[in-house]
Amino acid sequence: MSINNIFQFLVPKDKKFFPLFEQATHKLVLLAETLHEAVNVPKDQREEYLKKIDELEAQIEEINHQTHLELSRNFITPFDREDIHTLIKSIDAVADNLQGAASRMRLYQIEKITKSIRKLTEITLESCQLIKIGVAQVEDLKTPKKISDVCKRINKLESKADVVFDKAVADIFENESDVKNIIRYKEVLSSLEQATDKCKAVSNILEQISVKHS
């Protein structure tokens, strides 16, 4: 058992890092919800959703920054410092890729939202909801199976997203003759697919934390 773990028996319940994790995952779910809503409204209504996504991504980035400040101020942490750093950074990376997809929709003036884009935003939303559940479970490391179950579901969603992405890209090259449109749609799809990869990265760090403390 590490010195840090021994100290956990002697200190009060963490009042700094878990609230920051809770704020980050809450805003991550809001961001994913907003993106899914954005692809289900007409183009002329989309901008207000995209602005909200920018704001939420900036707020998550600030929570990431605040977490690293707390790491520099606090010697005793609820679990390994490196894991805290990696966890909040991984959550931020999911937000970055979701915001990247939204930004590309604006930049490339995407008119028609394809079924594949909608499906990928649906998958990322479900993945983010599971991340919120999984991170909340980290506060009680006496239930590693719950974390493991959440991580398995996230990993399955990532595999599902890969299938959707591959088919979507194949369809674009087969049916789209305009090179500009091929680039536009592939960029948006790639950002969404990468977001699911980042969700899997969060699940990996959750599993690592769970194994270390089980």
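Leaving aside neighbours within four places in sequence, with which residues is isoleucine 117 in contact? In this predicted model, the contacts of isoleucine 117 outside that window are Val39, Met105, Tyr185, Val188, Leu189 and Leu192. Ile117 also belongs to the largest nonpolar core, which has 63 residues. Together with Phe21, Leu28, Leu87 and Leu98, Ile117 is listed among the residues with the most contacts inside this core. At least two core residues are supplied by each of α2 (17-38), α3 (43-73), α4 (81-107), α5 (115-138), α6 (144-175) and α7 (179-213).

The packing of α2 against α4 was examined next. The axes of these two helices lie 11 Å apart, and the packing angle is about 20°. Since angles under 35 degrees count as roughly parallel, α2 is roughly parallel to α4. The crossing of the pair is left-handed. On the α2 side, the contact is formed by Phe17, Phe21, Ala24, Thr25, Leu28, Leu31, Ala32 and Leu35. These residues meet Ile84, Leu87, Ile88, Ile91, Val94, Ala95, Leu98, Gln99, Ala102 and Met105 of α4. In terms of residue class, the contact between α2 and α4 comprises 16 nonpolar and two polar residues, with no charged residues. Phe21 and Leu28 of α2, and Leu87 and Leu98 of α4, take part in this contact; these four residues are also among those with the most contacts inside the largest nonpolar core.

Helix α4 also packs against α5, at an angle of about 160° and with the axes 12 Å apart. Because angles over 145 degrees count as roughly antiparallel, α4 and α5 are roughly antiparallel to each other. Here too the crossing is left-handed. Leu87, Ile91, Val94, Leu98 and Met105 of α4 meet Ile117, Thr124, Cys128, Ile131 and Val135 of α5. The contact of α4 with α5 consists of nine nonpolar residues and one polar residue, and no charged residue is present. Leu87, Ile91, Val94, Leu98 and Met105 of α4 thus appear in the contact with α5 as well as in the contact with α2.

The loop between α4 and α5 contains glutamine 109. Although glutamine 109 is not a glycine, this residue has a positive phi of about 50°. Its relative accessibility is 57%, and glutamine 109 therefore counts as exposed, the cut-off for this class being over 50%.

A further helix pair is formed by α5 and α6, whose axes come within 9 Å and cross at roughly 165°. The two helices are therefore roughly antiparallel, and α5 passes α6 in a left-handed crossing. The α5 side of the contact comprises Ser116, Lys119, Leu120, Ile123, Glu126, Ser127, Leu130, Ile131, Ile133, Gly134, Gln137 and Val138. Their partners in α6 are Lys146, Ile147, Val150, Arg153, Ile154, Leu157, Lys160, Ala161, Val164 and Ala168. By class, 13 of the residues in the contact of α5 with α6 are nonpolar, four are polar and five are charged. Ile131 of α5 is part of this contact and also of the contact with α4.

Glutamate 48, located in helix α3, is exposed, with a relative accessible area of 57%. Between glutamate 48 and valine 164 there is a separation of 116 residues in sequence and of 27 Å in space, C-alpha to C-alpha. Val164 is one of the α6 residues in the contact with α5.

Methods:
Residues are numbered from 1 along each chain as its sequence is written. This is a predicted model: local features need pLDDT of at least 70, side-chain atom pairs count only at pLDDT 80 or more; totals for chains, interfaces and linings use all residues. Side-chain values use heavy atoms; hydrogens and water are left out. A nonpolar core is a set of buried Ala, Val, Leu, Ile, Met, Phe, Trp, Tyr and Cys residues joined through side-chain atoms within 4.5 Å. Buried means under 20% relative accessible area, exposed over 50%, partly exposed in between (1.4 Å probe, protein chains only). Helices (H or I, at least four residues) and strands (E, at least two) are DSSP runs, numbered from the N terminus. Contact means heavy atoms within 4.5 Å. Axes are lines fitted to C-alpha atoms, for helices over the stretch in contact, and angles run from 0 to 180 degrees between N-to-C directions. Angles under 35 degrees count as roughly parallel, over 145 as roughly antiparallel, 65 to 115 as roughly perpendicular and the rest as oblique. A crossing is left-handed if the near helix is turned anticlockwise from the far one by less than a right angle, and right-handed if clockwise. Ala, Val, Leu, Ile, Met, Phe, Trp, Tyr, Cys and Pro count as nonpolar, Asp, Glu, Lys and Arg as charged, and the others, Gly among them, as polar.
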